[in-house]
Structure formats: structure tokens, C-alpha cells
Amino acid sequence: MGIRRALEPDRRRVLSSVDSWLTQIFGRAPQDSAPFHRALTHGSQAAENYERLEFLGDRVLGLIMAEWLWEQFPNEPEGQLSRRLNSLVTGPVCADVARDLGVRDHLRLGKQARDDGASDSDNVLGDVMEALIGAWYREAGLDAARAFVRKAWGDRVHSQGKAPQHPKSALQEWAAAHNRKAPEYEVTDRSGPHHAPRFTVTVRIGRTAEASASGANKQEAETAAAKALLAKLKA
């Protein structure tokens, strides 16, 4: 009992630190901080972790971002808006926002995950960012979630004057324009721990042109490989 009583003040200080930070980034203290603590908890630390909230936050972020882009670029067709959306809700961008907000300092990770560098993993930080959005949406509603996302993403929505073309689409168009076969993607390696996997993908056009690249998930690796092959083809 003596050990447990000694630990309780430390736990209260940790929770107080997290709650103070939550108040700072959201503008007020959550009425129920438990979902936010869960949003910061990795599966290596506890069974009650961020995964369900991340599922919700991913959809909320997509809706808010789609609405924002629809307002900001009234003359752009659906295809260009989709390219902008896809570039703004990727794992690396969500992770970048999380770093700006100081999420890394408040993650709850198991020892092995921490030793493996999960505190700076794009996968983990991106998922936690979406989980926090999900928790705030449940706490305060869509208007508050919208205000938070727009403030957190800031000028990222205007950072590209022209809607970016996805490298996979650009490679597909290059192949069609040069009467080549459609690009084929193959996962050639998977490594790293469960919470921070690395995928290597090779993309080929026929038998003569190919390039490989790695990413935190299959989609990210395919995108990087397509970009690498485009650069090689246009060199």
C-alpha cells in the first residue's frame, strides 16, 4: 500500500501535465479527459488504446478537410479537390501536425515501443493525431472539431498553389502517353516492428523501366516508388 500511495502523486502530476496541454491545444479543458488519454495511448501500453478513436477521427478529418477545400477553391473540379484532400490527410502530414502540437511529449508507450522509436513514428503520430480529433469531436461537436483542424493545419491548405497530381496517377498517364503497359506494383520487402513497419515496393513498366522505394505502409511505398520511377523516366 505504501508503494501505491507513493506512486499516486506522480500519476496525478502526469495527468495534470497532459490535461494542461489539452487545455492549451483545444482552448478549454475537456469535460471528460479519459478519451483523450486513451487517444494518446499506444497498444503496447494498454488494451484501451487509440485505435477506435483513430477510426472516427480519420472520417471527421476527411469531412472537415473536404468542406474546407470546397470553400477555398470554388472553381476547382472534383478531381483537383480530391488530389488536394489526399495530400493533406496523409499519415506524414498528420504526424507533422502532431509534432507541431507537442504530441510526442504526451504519448503513452510500452517500453519496447519507446525503445524502437515509436515516439517519432509517422504511423503512430499520425494515428494519434486522428484519435485526438475523434475525441474532440465526441467531446465538443463538429463545429469545435472544424475550428481545431483549421487552426492546427493552418496554411498547409494553401501551401500548394496548384492541386498536386498524385505520382501514381502521373505515372499511369506517362505510360498511356508513351504506349506502354500500365505500371505494376509489387511489395518486395517488409521489415521493422509491428508499430513502425517499413514496406519496400518495386514498380515496373514492362521489362525495361523500374524503381523501388520504401514507406511506412504499402500505399506510401507505392507513391514513393512511382515518384522515383517518374524522375528516372524524365531524367
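Mentor: Angles between helix axes count as roughly parallel under 35 degrees, roughly antiparallel over 145, roughly perpendicular from 65 to 115 and oblique for the rest. This is a predicted model, in which local features need pLDDT of at least 70, side-chain atom pairs count only at pLDDT 80 or more, and totals for chains, interfaces and linings use all residues. Residues are numbered from 1 along each chain as its sequence is written, and side-chain values use heavy atoms, without hydrogens and water.

Trainee: Why are H5 and H7 called roughly perpendicular?

Mentor: Helix H5 (residues 91-101) and helix H7 (residues 122-140) pack at an angle of about 75°. The range for the term is 65 to 115 degrees, so H5 and H7 are roughly perpendicular to each other. Axes here are lines fitted to C-alpha atoms, for helices over the stretch in contact, and angles run from 0 to 180 degrees between N-to-C directions. The two axes are 7 Å apart.

Trainee: Which residues of H5 and H7 meet?

Mentor: Contact means heavy atoms within 4.5 Å. Among the residues of H5 that meet H7 are Cys94, Val97 and Leu101; the H7 side includes Leu125 and Met129.

Trainee: How do you know that the span of helix H3 agrees with its number of residues?

Mentor: The expected span is 1.5 Å times one less than the number of residues. For the 22 residues of H3 (residues 51-72) that gives 32 Å, and the end C-alpha atoms are 31 Å apart, which agrees.

Trainee: What puts the buried residues of H3 on the same side?

Mentor: Buried means under 20% relative accessible area, exposed over 50% and partly exposed in between, with a 1.4 Å probe and protein chains only. The buried residues of H3 include Leu53, Val60, Ile64 and Trp68. They cover an arc of only 160° around the axis, so they lie on the same side of H3; the arc is that of the directions from the helix axis to the C-beta atoms. On the other side of H3, Arg52, Phe55, Leu63 and Trp70 are exposed.

Trainee: Why is Asn179 called exposed?

Mentor: Its relative accessible area is 73%, and the term needs over 50%, so Asn179 is exposed. Asn179 sits in the loop between helix H9 (167-177) and strand E1 (184-191), and its phi is positive, near 55°, in a residue other than glycine.

Trainee: What makes strands E2 and E3 a pair?

Mentor: Two strands pair if DSSP finds at least two bridges between them. E2 (residues 198-205) and E3 have seven bridges, in the antiparallel sense, so the definition is met.

Key. Helices (H or I, at least four residues) and strands (E, at least two) are DSSP runs, numbered from the N terminus.
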